[in-house]
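Work through the following exercises with the sequence and the structure open beside you. Try each task before you read its solution.

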Amino acid sequence: MKLNLNIQPLNTWLNVNNEPLIISGPCSAETEEQLLITAHLLAATGKVSVLRAGIWKPRTRPGEFEGIGSIGLEWLKRAKAETGLPTAVEVANAKHVEEALAAGVDILWIGARSTVNPFTVQEIADALKGHDVPVLIKNPVNPDLQLWIGAIERINGAGITKIGAIHRGFSSFEKSSFRNEPMWELAIQLKTLCPELPIINDPSHICGNRELIPYISQKALDLDMQGLMIESHVDPSVAWTDAKQQVTPAALAELVDRLTVREPEAPNEAFADKLADLRKSIDKIDDVLLQKLGERMAIVEKIGEFKRDNQVTILQVNRWDAIIKKGHAFAKALKLDLNFTEKFLELMHGESIRKQTEIMNAGKAEKGIAAEQHTEVKA
């Protein structure tokens, strides 16, 4: 089901000089000199369309640098006047919105820590009513698509139609190379539900280190995201916040030059015909897969009934271990990704457990009804 949103296309409210859209600037505005030098260097690359800077910084623990505050808005105003770059700032409450708009900030964004709280988002939405300003909404810290959608709906409900989403990755208990797991499937689901919504990737916060930024940036563009928000600092080694994930303006320009920008569709008729044929082949295979899954679940139901009738537990760990080992062996032989194969097997196994649990519970309910009826007859 598609989302019912009123959103203007990105190119109607933002003059994108280059493709993809690049939003860049320091994680935090630290000093006027630092911000102005960085802004001039970014503008000189010709790659950047919007200058970003953190003015208010939500920190995990008190005592850490929480942003330079309102004075930084004056620095941004000067940077805009000198470079011609429109500016973007994160806002986390109504006061931030009022001050940013009064200072002439061009684009506001709502951070991941704010998106997670509907009360915060609604406060920001109420402060935005009556203003015609673009708002970008980062995904919540935790992997919850409904929270992300809810935040977008609240801002749209305030009359804001110049809206974009920022995919900055999600927190996870699993340790990996990333600061925040990309979980691309959630961004893809959002795009599927609202195709007209521009989605901008934030590789800086996904990666947590500058070495991985080119890889994530390219993948984001390959998934048809409209732009990138990459943190840049004149000297990242002395940055007051998130030093490891910031790049110099020169490094940013080099990174952007190396990106390959692909089109979502090719005008070539022969390409379209070949792609259509290949997709038909996939559709046929998908039909067979679904049919086989249906047959598999029918057998699962029989297993559930058999276990119920013989008082056997649903979960049998040895059986699951055997499935995983066999799956890994097949995956290697068929050149399938092991992680994908394991997730697929886990999904099937989870559905099997659900179905068998349903059968067990249904059996208990039937026995309960029968016992009540027997008691009534005896009475």
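**Exercise 1.** In this predicted model, decide whether L336 is buried, partly exposed or exposed, and then find the surface patch to which L336 belongs.

*Solution.* Begin by locating L336, which sits in the loop between helix 13 and helix 14. Its relative accessible area is 40%, and since buried means under 20% and exposed means over 50%, L336 is therefore partly exposed. Next, look at the residues that join L336 on the surface: F330, L334, L336, F340 and F344 make up a nonpolar patch, whose accessible area together is about 520 Å². Finally, ask which elements supply two or more residues to this patch; they are helix 13 (317–334) and helix 14 (338–378).

**Exercise 2.** Determine how the aromatic pair of W148 and F170 is arranged, and state where in the chain each of the two residues lies.

*Solution.* The structure holds three aromatic pairs. In the pair of W148 and F170, the rings are 6.3 Å apart from centre to centre, with 75 degrees between the planes; because planes over 60 degrees apart count as edge-to-face, this pair is edge-to-face. The pair links distant parts of the chain, for W148 belongs to helix 7 (residues 145–157), whereas F170 lies in the loop between strand 6 (163–167) and helix 8 (184–193), 22 residues apart. W148 is buried, at a relative accessible area of 0%, and F170 is likewise buried, at 0%.

Now turn to F340 and F344, which form a stacked pair with 6.4 Å between the centres and 20 degrees between the planes. Both residues lie in helix 14, four residues apart, which is about one turn of the helix. F344 counts as partly exposed, at 37% relative accessibility.

**Exercise 3.** Describe the surroundings of H205, starting from its place in the chain and ending with its contacts.

*Solution.* H205 is part of helix 9 (residues 203–207). With a relative accessible area of 8%, H205 is buried. Its side chain makes a polar contact of 2.9 Å with the side chain of D202. When neighbours within four places in sequence are left aside, H205 is in contact with several residues, including K138, R168, E231 and D242.

**Exercise 4.** Find which residues M297 touches beyond those up to four places away in sequence.

*Solution.* M297 lies in helix 12 (residues 269–309), and at 12% relative accessibility it counts as buried. The residues it touches are M348, E351, S352 and K355. For K355, compare the two kinds of separation: M297 and K355 are 58 residues apart in sequence, and 8.1 Å apart in space from C-alpha to C-alpha.

Terms used. Residues are numbered from 1 along each chain as its sequence is written. This is a predicted model: local features need pLDDT of at least 70, side-chain atom pairs count only at pLDDT 80 or more; totals for chains, interfaces and linings use all residues. Side-chain values use heavy atoms; hydrogens and water are left out. Patches are made of residues with over 30% relative accessible area and no salt bridge: like charges are joined within 9 Å, nonpolar side chains (Val, Leu, Ile, Met, Phe, Trp, Tyr) within 5 Å. Accessible areas come from the Shrake-Rupley method with a 1.4 Å probe; for residues, only the protein chains shown count as cover. A salt bridge is a side-chain nitrogen of Lys or Arg within 4 Å of a carboxyl oxygen of Asp or Glu. Buried means under 20% relative accessible area, exposed over 50%, partly exposed in between (1.4 Å probe, protein chains only). A polar contact is a pair of N or O atoms within 3.5 Å; within protein, one must be able to donate a hydrogen and the other to accept it, and residues adjacent in sequence count only if both atoms are side-chain atoms. Contact means heavy atoms within 4.5 Å. Rings of Phe, Tyr and Trp (its six-membered ring) pair if their centres lie within 6.5 Å; planes under 30 degrees apart count as stacked, over 60 as edge-to-face and the rest as tilted.
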